[in-house]
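Biologist: Could you zoom in on one spot in this chain for me and tell me what surrounds it? After that, feel free to wander outwards and link it to whatever else you find worth showing.

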Amino acid sequence: MEEITFRDEFYLPEGKIYMDGNSLGLMSVRAEKVVKEIMESWKKYGIDGWTEGEDPWFTLSERLGNRMAPLVGAFPEEVTVTGSTTSNLHQLTATFYRPERGRTKILADALAFPTDIYALQSQLSLKGYDESHLVLAESTDGHTIDEDTIIQAMTGDISLVILPSVLYRSGQVLDMEKLTAAAHERGITIGFDLSHSIGALPHRLSEWGVDFAFWCNYKYVNAGPGSVGGLYINREHFSETPGLTGWFGSDKNSQFDMEHTYVKAADSGAYQLGTPHVLSAAPLLGSLEMFEEAGMEALRGRSLKLTGYLMEQIDSRLSSWDFVIANPREESRRGGHVYLEHPEAARITKALKAEGVIPDFRNPNGIRLAPTALYNTFEDCFQTVTKLKEIMEKEKYKAFKNERDIIA
Ligand SMILES: *Cc1c(COP(=O)(O)O)cnc(C)c1O
């Protein structure tokens with residue numbers, strides 16, 4: 001396979017090895033350039049920037065959605081760039097959670113990212129149901145969840161299933177195709193949180209028949225802190241009315257009629273609320289070019305080689321210490337990062353940072369290392385393990401407290 005790396009196009013923190021692209025992707029020259037262009041169009045056109053300039057803001061969310069569609073394997077009109085992971089989950093649950101007699105529960109998983117659980121709890125409460133209506137599929141090893149366990153939990157009282165594509169801690173990839181088929185056989189609607197897979201692995205949402213999905217764009221997609229997220233609505237559902245409505249979800253031709261009768265957009269654009277966050281969407285215009293040029297399959301190929309090499313290095317050079325690789329090892333079941341556990345993980349992470357390697361720590365004992373396909377190298381993986389070995393050999397971690405910082 002041809003070596004694909006866009007490393008030269010990124011601002012790499014000087015003298016550091018950045019292994020945290022699964023939390024916040026780095027800034028690229030192209031993302032920066034487009035932000036400046038959007039600022040220019042504001043400067044130059046004022047209000048007319050909505051319709052003038054190279055990237056008129058009025059249709060920005062839709063155009064960005066069309067360009068993101070290949071990353072999730074969807075038809076262009078099924079994807080819109082809007083909101084955040086959490087706000088989109090609220091929107092989609094408000095739309096697709098329709099409790100009926102005897103079918104009132106939501107199924108999620110016990111290892112879910114906290115914001116997903118908070119959103120589901122509040123959506124249940126808004127519809128008058130208590131927390132017993134949130135069913136969580138359990139993990140037996142604390143890291144992964146067996147798809148069959150999830151399927152067994154899809155009982156007759158479940159109305160909606162919401163799962164991650166990739167578990168944020170262990171990096172396990174869930175078999176979305178199998179889970180979707182199982183949910184549909186049982187008459188259940190199913191949606192996925194793609195925060196940890198978008199930009200890291202290919203998806204075929206339309207082909208799999210996934211009902212809806214949502215994600216953030218500041219992790220592997222490199223669109224910057226707090227950048228606008230995305231959502232996918234299977235076109236079979238285009239006739240539905242969104243649970244939460246706002247004027248930017250209107251049909252574009254009639255939005256400025258300013259009537260009080262809501263005429264919704266005919267596609268996924270209907271799920272927008274208010275005025276798009278143009279400045280926070282701008283970096284995507286630049287960042288997506290690189291995904292288009294590299295292709296998602298090739299990026300996944302390189303990512304697997306990088307994580308494979310990193311695991312090999314950990315196995316062969318860190319075996320004298322209590323490290324455990326807690327992500328699934330099979331290619332089809334591991335995402336874009338390696339999840340390393342150690343009882344002293346909090347202070348090993350601090351020692352790594354002091355040595356110029358930037359990983360992230362996940363309470364209570366996990367270190368996530370994400371060599372991203374666009375800008376990390378095999379040398380980064382090698383050096384990370386070299387630093388880890390040094391930290392253990394010389395007990396450098398003992399200079400730090402084994403506690404997490406506020407943002408870990
Ligand atoms: C990163 C992440 C989020 C973050 O939600 P925001 O609304 O973007 O802050 C939510 N869910 C998962 C699974 C994540 O990985």
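**A loop residue and its surroundings**

Modeller: Let's start with Leu-273, which counts as partly exposed because its relative accessibility is 37%, between the 20% limit for buried and the 50% limit for exposed. Keep in mind that we're looking at a predicted model. Leu-273 sits in the loop that runs between strand S8 (230-233) and helix H8 (278-294). Leaving out residues up to four places away in sequence, its contacts are Gln-91, then the run Leu-244, Thr-245, Gly-246, Trp-247, Phe-248 and Gly-249. Pro-242 is another handy reference point: 31 residues separate it from Leu-273 along the chain, and the two C-alpha atoms are 9.8 Å apart.

One of those contacts, Trp-247, takes us to the annotation. An unreviewed UniProt entry gives Trp-247 as part of a "binding site", along with Thr-85, Thr-86, Phe-113, Pro-114, Thr-115, Asp-116, Asp-193, His-196, Tyr-218 and Thr-275. Don't picture one neat cluster, though: these positions span 191 residues in sequence and the farthest two C-alpha atoms are 30.2 Å apart, so they do not all gather at one spot.

Two of the annotated residues are worth a stop. Thr-115 belongs to helix H4, which covers residues 114-126, and Asp-116 is in H4 too. With a relative accessibility of 8%, Asp-116 counts as buried, as that is under the 20% limit. Beyond four places in sequence, Asp-116 touches Leu-89, Asp-193 and Phe-214; of these, Asp-193 is itself on the annotated list.

Now for the empty spaces. The second largest pocket comes to about 430 Å³. Sixteen residues would be a lot to recite, so here are the closest to its centre: Val-173, Leu-201, Pro-202, Trp-208 and Ser-332, out of the 16 residues in the lining. Helix H6 (176-185) and helix H9 (296-317) each contribute at least two residues to that lining. By class it holds 8 charged, 6 nonpolar and 2 polar residues. Both domains take part: domain 1 (7-28 + 295-399) and domain 2 (58-293) each supply at least three of the lining residues.

There's an enclosed space as well. Searching the whole structure turns up 1 cavity of 30 Å³ or more, and the largest cavity has a volume of about 100 Å³. Its lining has 13 residues, with Gly-199, Tyr-220, Thr-372, Ala-373 and Leu-374 nearest the centre. The mix here is 8 nonpolar and 5 polar residues, with no charged ones. Domain 1 and domain 2 both give residues to this lining, so the cavity lies between them.

Two last stops. Ser-41, in helix H1 (residues 29-45), is buried at 11% relative accessibility. Setting aside its neighbours within four places in sequence, Ser-41 is in contact with Gly-46 and Trp-57.

Then there's helix H10 (residues 345-354), mostly covered, with 8 of its 10 residues buried. The buried ones are Ala-345, Ala-346, Arg-347, Ile-348, Thr-349, Lys-350, Ala-351 and Leu-352. They pack against strands S11 (357-358), S12 (360-362) and S13 (366-369), and against helix H11 (378-393). After H10 comes Gly-356, with a positive phi near 90°.

Terms used: Residues numbered from 1 in each chain as written. Predicted model: local features only at pLDDT ≥ 70, side-chain atom pairs only at ≥ 80, totals over all residues. Heavy atoms only, no water. UniProt positions renumbered as here; feature names shortened; annotations may be inferred. Helix = DSSP H or I, 4+ residues; strand = E, 2+ residues; numbered from the N terminus. Buried < 20%, exposed > 50% of the residue type's maximum accessible area, 1.4 Å probe, protein only. Contact = heavy atoms within 4.5 Å. 1 Å grid on protein atoms, 1.4 Å probe; cavity = no way out; pocket = protein on both sides within 12 Å on 5 of 7 lines; lining within 4 Å. Points joined across faces, edges and corners; volume = space filled by probe spheres on them. Nonpolar A, V, L, I, M, F, W, Y, C, P; charged D, E, K, R; others polar. Domains from an automatic or database assignment.
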